[in-house]
Amino acid sequence: MITWKNKPLIPDHNRNADDEMVELGLEIYQIIELLENGTEVSKRKKGVVEKWCHRGENIYIVAVEDYEDYWLIRHVGKIRATKDKLRIMRGEI
């Protein structure tokens, strides 16, 4: 079982997080890397972690929700890295 912060990491099939991962060509190990190296841009509700990670011309976004026994991958996405988005990541806006 793949773990992050000592809990299993499971894609949310109801929200198609597993399909999003396949569409972007990301594997679970890359999701863990994004979570560890990403920047938390804004606060979400308690128990939800959203990280942005800049890679080349894109910013990858991963959102996970903390359940007692596991982490649920809620969303995996990719947006184009514009100057404004990079400034948001640096906390300038």
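1. Aromatic pairs come first. In this predicted model, a search of the whole structure turns up two aromatic pairs. One of them joins Trp4 and Trp71, whose rings lie 4.8 Å apart from centre to centre, with an angle of 55° between the planes, and this arrangement is classed as tilted. Trp4 belongs to strand β1 (residues 3-4) while Trp71 belongs to strand β5 (residues 71-80), so the contact ties together parts of the chain that are 67 residues apart in sequence.

2. How covered are the two tryptophans? Trp4 has a relative accessibility of 6% and therefore counts as buried, the cut-off being under 20%. Trp71 is buried as well, with a relative accessible area of 6%.

3. The other aromatic pair is made by Tyr67 and Tyr70, and it is stacked, with 5.2 Å between the ring centres and 10° between the planes. As for exposure, Tyr67 is partly exposed, with a relative accessible area of 33%, and Tyr70 is also partly exposed, with a relative accessible area of 29%.

4. Trp71 deserves a second look, since a charged side chain is placed over its ring: the charged end of Lys7 sits there, 5.4 Å from the ring centre. Lys7 also takes part in a salt bridge with Asp66, in which the closest N and O atoms are 2.5 Å apart. Where in the chain do the partners Asp66 and Lys7 lie? Asp66 is in strand β4 and Lys7 is in strand β2 (residues 7-11), which puts them 59 residues apart, and the pair thus links distant parts of the chain. Asp66 itself has a relative accessibility of 32% and counts as partly exposed.

5. The bridge between Asp66 and Lys7 can be set beside the overall count, for a search of the whole structure finds eight salt bridges. Another salt bridge is formed where the side chains of Arg15 and Asp12 meet, at 3.9 Å from N to O. Is each partner here buried or partly exposed? Arg15, at 42% relative accessibility, counts as partly exposed, whereas Asp12, at 8%, counts as buried.

6. A further salt bridge brings together the side chains of Arg87 and Glu92, with 3.8 Å from N to O. Arg87 is partly exposed at 35% relative accessibility, and Glu92 is partly exposed at 48%. This contact does not stand alone, because salt bridges that share partners join Asp84, Arg87, Arg90 and Glu92 into one network.

7. The last point concerns strands β3 and β4. Strand β3 (residues 48-55) is mostly covered, with six of its eight residues buried. How does β3 pair with strand β4 (residues 58-66)? The two strands run in the antiparallel sense and are paired over eight bridges, and at one position Val49 stands opposite Val64 in β4. Together β3 and β4 form a hairpin with two residues between them, and Gly56, which lies in the turn, has a positive phi of about 65°. When looking along these strands, it helps to keep a general rule in mind: in a regular strand the side chains alternate between the two faces of the sheet.

Key: Residues numbered from 1 in each chain as written. Predicted model: local features only at pLDDT ≥ 70, side-chain atom pairs only at ≥ 80, totals over all residues. Heavy atoms only, no water. Phe/Tyr/Trp six-rings, centres within 6.5 Å; stacked < 30°, edge-to-face > 60°. Helix = DSSP H or I, 4+ residues; strand = E, 2+ residues; numbered from the N terminus. Buried < 20%, exposed > 50% of the residue type's maximum accessible area, 1.4 Å probe, protein only. Lys NZ or Arg CZ within 6 Å of the ring centre and 35° of its normal. Pairing = 2+ DSSP bridges. Salt bridge = Lys/Arg side-chain N within 4 Å of Asp/Glu carboxyl O.
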